[in-house]
Amino acid sequence: MKQSKALTVEKELTKIDGGLTLVAYKHLSTGAAVSSMQQSKQYIVPLQQHIGAISQPLVKTGDRVLKGQMLAKPGDLVSAAVHAPVSGLVTDIKAHDIPHASGLSDLCIFIENDFKDEWVERHPLGDDYNQTNSSSMRKIVRDAGIVGLGGATFPSSVKQTEMNVKTLILNGIECEPYITCDDVLMREHAREVISGADIIGHIIKARQCIIAVEDNKPEAIKALQSVIDEDGTGFFKIQAVPTIYPSGGEKQLIQILTGQEVPKGRYPAELGVLCHNVATAYAIHRAVHHAEPLISRIVTVTGHGVTQPQNIEVLIGTAMHTCIEHAGGYTDESDELIMGGPMMGFSLNSDALPVVKATNCLLVTAREENPHKQHHMPCIRCGKCVEVCPVRLLPQQLYWYASSQNVDRLTEHNLFDCIECGCCAYVCPSEIPLVQYYRHAKTTIWQQERERKSSDISRERHEAHQQRLDKIKREREEKLRKKRELLKKKADAQADDKGSSNKSSKQAAIAEAIARAQAKKTERNKNKETG
Ligand code: SF4
Ligand code: SF4
């Protein structure tokens with residue numbers, strides 16, 4: 001790949017297509033410092049909390065585990081490890097409902113807490129990371145189970161294999177209403193966030209790091225700036241970005257900062273850029289300086305349906321209702337529980353589900369503000385959805401084709417470029433839950449694709465099996481043919497041998513008869529002479 005230069009940030013930031021200015025409701029949860037919870041009796045740790053292959057269990061029922069111990073290793077290159085959030089006993093490994101838009105269940109490890117808080121043995125690398133090569137550093141990130149904490153949950157170490165990157169963009173944009181976990185993280189742990197960014201910069205050999213923060217987060221910008229001023233290397237630069245939803249989308253943020261669009265179907269690294277979320281940088285700092293795997297994260301528990309909205313440091317695997325209880329419980333008006341924000345989040349049918357690495361927010365809506373309407377009106381072709389789409393799609397067309405399950409037309413209209421930002425659904429006067437249609441269509445297409453692949457694999461297996469049987473049959477027949485040939489040759493040879501011995505005994509008999517006749521003749525001649 002061609003070496004790229006470090007990108008320069010446009011003096012005039014680029015405006016993204018579409019987008020919305022939304023009422024933020026951020027103040028609900030930023031009034032107090034991040035709180036800690038009492039530990040629970042039980043933790044449920046799903047094995048699939050990331051993009052990629054499910055992780056593979058390393059423990060079994062009945063095992064005692066220590067806090068931070070790896071419970072399951074990555075199942076493939078694109079996968080992530082999971083770790084014990086507490087010390088205790090593995091009581092079960094079985095399918096359980098997990099927080100996912102599909103509503104499906106998946107394999108989980110159940111741990112009963114022994115409340116001893118006994119850590120696994122740890123060996124922090126500390127500042128030695130500066131003398132450690134990129135590949136060893138990526139192994140630390142991988143072994144710590146770190147994934148993109150902005151919501152994407154893509155394994156971070158895999159992302160860091162891009163080696164043509166000159167500019168690291170640290171994404172501190174938190175543009176969805178209500179969510180404030182990254183804002184409070186930057187305010188309270190600016191030093192650790194910058195330290196994590198420095199480690200990532202070392203891994204990918206970046207020349208500069210741009211920390212992008214929305215202009216509605218002055219306290220976070222101030223906290224980060226004071227650490228950067230102390231650093232004084234010139235590697236870091238903070239860029240305030242106008243508060244427009246969805247500026248935090250990876251491709252949107254790159255466009256805002258650099259004026260360049262990541263080409264369709266390509267990766268940011270092709271522009272010499274790599275994006276990481278601020279919480280991911282913080283997790284990497286914890287892994288390198290404290291040898292702590294990703295066993296907790298900050299979760300914003302908020303909304304008008306919860307009594308004391310706040311940010312909480314939550315251990316992965318904690319039951320969600322415990323977080324709600326810690327935040328004072330539900331209000332009388334509480335209605336729907338959503339994981340994520342009102343735009344990109346999805347509704348949960350139970351609060352007994354475990355908090356996972358992707359749980360940035362638990363939003364409890366009040367009855368009158370429920371964003372997920374059950375009934376909608378027909379599309380009136382007003383075109384408002386087209387105006388706000390940041391990816392320049394045709395949302396109403398996608399809606400038609402998703403409703404009629406027209407896979408070909410959905411593909412032609414780039415369904416898979418949809419970032420599910422929800423802008424179209426937000427402005428739709430008919431209140432059509434457009435994103436739900438797109439998610440459902442994507443899931444159906446993936447499912448069909450999986451089934452097609454699996455039937456192709458079965459067919460290929462059957463054909464290969466048949467070919468093997470045919471080959472065995474051919475080989476057996478060939479062997480038999482050769483054996484028959486050999487036997488025939490032997491029989492012929494024996495027959496030849498017999499034939500030639502008969503011939504020679506006949507010849508001997510004739511010779512004997514001739515000799516006898518000759519002898520008789522000689523005798524007769526003798527007698528005549530003497531007689
Ligand atoms: S905004 Fe709603 S009603 Fe208007 S065109 Fe789009 S889908 Fe149809
Ligand atoms: S959800 Fe998809 S189609 Fe709708 S505005 Fe966002 S990117 Fe466009």
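**A buried helix, a parallel sheet and a ligand shell**

In this predicted model, helix α6, which spans residues 250-258, has 9 of its 9 residues buried, so the helix is largely enclosed by the rest of the structure. The buried residues are E250, K251, Q252, L253, I254, Q255, I256, L257 and T258, and they pack against the strands β9, β10, β11 and β12. Directly after α6 comes G259, a residue whose phi is positive, near 80°.

The strands that α6 packs against lead on to the sheet itself, an open sheet of 4 strands in the order β11-β10-β9-β12, with parallel pairing. Because β11 (236-241) and β12 (273-277) each have a single partner strand, they stand at the edges, and one side of each is left without a neighbour in the sheet. From one strand to the next, the twist averages 25°. Within this sheet, β9 (residues 167-172) and β10 (residues 208-214) pair in the parallel sense over 6 bridges, and N171 has A212 in β10 as its bridge partner. Another helix, α7 (residues 278-290), also packs on the sheet, where it touches β9 and β12, and its direction makes about 80° with that of β12.

A further part of the model to consider is the surroundings of ligand 2, where, of the 16 residues around the ligand, C389, C418, C421, C423 and C424 come nearest. The elements that give two or more residues to this shell are α10 (395-403), α12 (423-427) and α13 (434-530). Sorted by class, the shell around ligand 2 consists of 14 nonpolar residues, 1 polar residue and 1 charged residue.

Notes. Residues numbered from 1 in each chain as written. Chains lettered and ligands numbered in written order. Predicted model: local features only at pLDDT ≥ 70, side-chain atom pairs only at ≥ 80, totals over all residues. Pairing = 2+ DSSP bridges. Axes fitted to C-alpha atoms, helices over the stretch in contact; angles between N-to-C directions. Contact = placed C-beta atoms within 7 Å. Near = placed C-beta within 6 Å. Nonpolar A, V, L, I, M, F, W, Y, C, P; charged D, E, K, R; others polar. Buried ≥ 20, exposed ≤ 12 C-beta atoms within 10 Å, placed from the backbone.
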